[in-house]
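I opened this model as a newcomer and kept short notes on what I looked up. The entries follow the order in which I looked.

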Amino acid sequence: MCWQERNITFENGIYFGYPLCCINEFIDDLSKGESPHRRNKLAGIKTDGAFHPCRKHTQDILDGKIKIEDLIDSRVCPYPFPYRHSHSIR
Ligand SMILES: [Zn+2]
């Protein structure tokens, strides 16, 4: 993952209101060739197809401490989670 992809992914995460810990871990996982999507699918966590909670938040969801919706904050996207629209922030 090049720096441009990292920046776009980071900006998308901010746009959709995802927590910084989840965005950064998502980018790190992709950079290491790991699949956050596969991890969450195996854990049975339903997302909007783009948001993949970090390991800590995945465990919190699985433990019933929080719901995935609780993680979405300061969302710029006008559609409520889990709805998205295609956008270009560049
Ligand atoms: Zn997180």
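**Entry on P36.** I began with the contacts of P36, counting two residues as in contact if their C-beta atoms, placed from the backbone, lie within 7 Å. Leaving aside neighbours within four places in sequence, I found P36 in contact with F26, D29 and H52. The C-alpha atoms of P36 and H52 are separated by 6.1 Å, and the two residues are 16 residues apart along the chain. P36 is found in helix 3. I looked up whether P36 is buried or exposed. P36 counts as buried because it has 21 C-beta neighbours inside 10 Å. The cut-offs I used are these: a residue is buried if 20 or more other C-beta atoms lie within 10 Å of its own, exposed if 12 or fewer, and partly exposed in between, with C-beta atoms placed from the backbone.

**Entry on the source.** I noted that this is a predicted model, in which local features need pLDDT of at least 70 and side-chain atom pairs count only at pLDDT 80 or more, while totals for chains, interfaces and linings use all residues. Residues are numbered from 1 along each chain as its sequence is written.

**Entry on confidence.** I looked up pLDDT, the predictor's confidence in each residue, from 0 to 100. The protein chain averages 86, and 94% of the residues score at least 70. Among the elements of the chain, helix 2 (residues 20-31) has the highest mean pLDDT, 94, and helix 3 (residues 36-43) the lowest, 76.

**Entry on the overall fold.** I listed the secondary structure, where helices (H or I, at least four residues) and strands (E, at least two) are DSSP runs numbered from the N terminus. The chain has four helices and zero strands. Along the sequence I read the pattern as α-α-α-α. The radius of gyration is 13 Å, close to the 12 Å that the globule rule gives for 90 residues, so the chain is as compact as a globular protein of that length. I took this radius over C-alpha atoms, and the rule is 2.2 Å times the number of residues to the power 0.38. Along the principal axes, the C-alpha atoms fill a box of roughly 40 × 30 × 20 Å. Of the 90 residues, 14% count as buried. Among contacts with a separation of 6 or more, 52% come from residues 24 or more positions apart.

**Entry on helix 1.** I checked the length of helix 1 (residues 3-15) against its expected span, which is 1.5 Å times one less than its number of residues. Its 13 residues should span 18 Å, and its end C-alpha atoms are 18 Å apart, which agrees. Y15 lies in helix 1. Y15 counts as partly exposed because it has 15 C-beta neighbours inside 10 Å. From Y15 I went to R75, which is 60 residues away in sequence and 5.9 Å away in space, C-alpha to C-alpha. Just after helix 1, G17 takes a positive phi of about 80°.

**Entry on helix 2.** The twelve residues of helix 2 should span 16 Å, and its end C-alpha atoms are 16 Å apart, which agrees. I found its buried residues to be C22, I23, E25 and F26. These buried residues pack against helix 1, helix 3 and helix 4. G33 follows helix 2 with a positive phi, near 85°.

**Entry on the core.** Which residues make up the largest nonpolar core? I took a core to be a set of buried Ala, Val, Leu, Ile, Met, Phe, Trp, Tyr and Cys residues joined through C-beta atoms within 7 Å. The largest has seven residues: F16, Y18, C22, I23, F26, F51 and C54. In soluble globular proteins, nonpolar side chains tend to be buried together. Beyond four places in sequence, F16 is in contact with A50, F51, R75, C77 and R84.

**Entry on the segment after helix 4.** S74 is placed in this segment. I noted that its phi is near 50°, a positive value in a residue other than glycine. S74 counts as exposed because it has 10 C-beta neighbours inside 10 Å. D70 also lies in the segment. D70 is exposed, with 12 other C-beta atoms within 10 Å. P82 is found after helix 4 (55-62) as well. I found the peptide bond from F81 to P82 to be cis, with omega near 10°.
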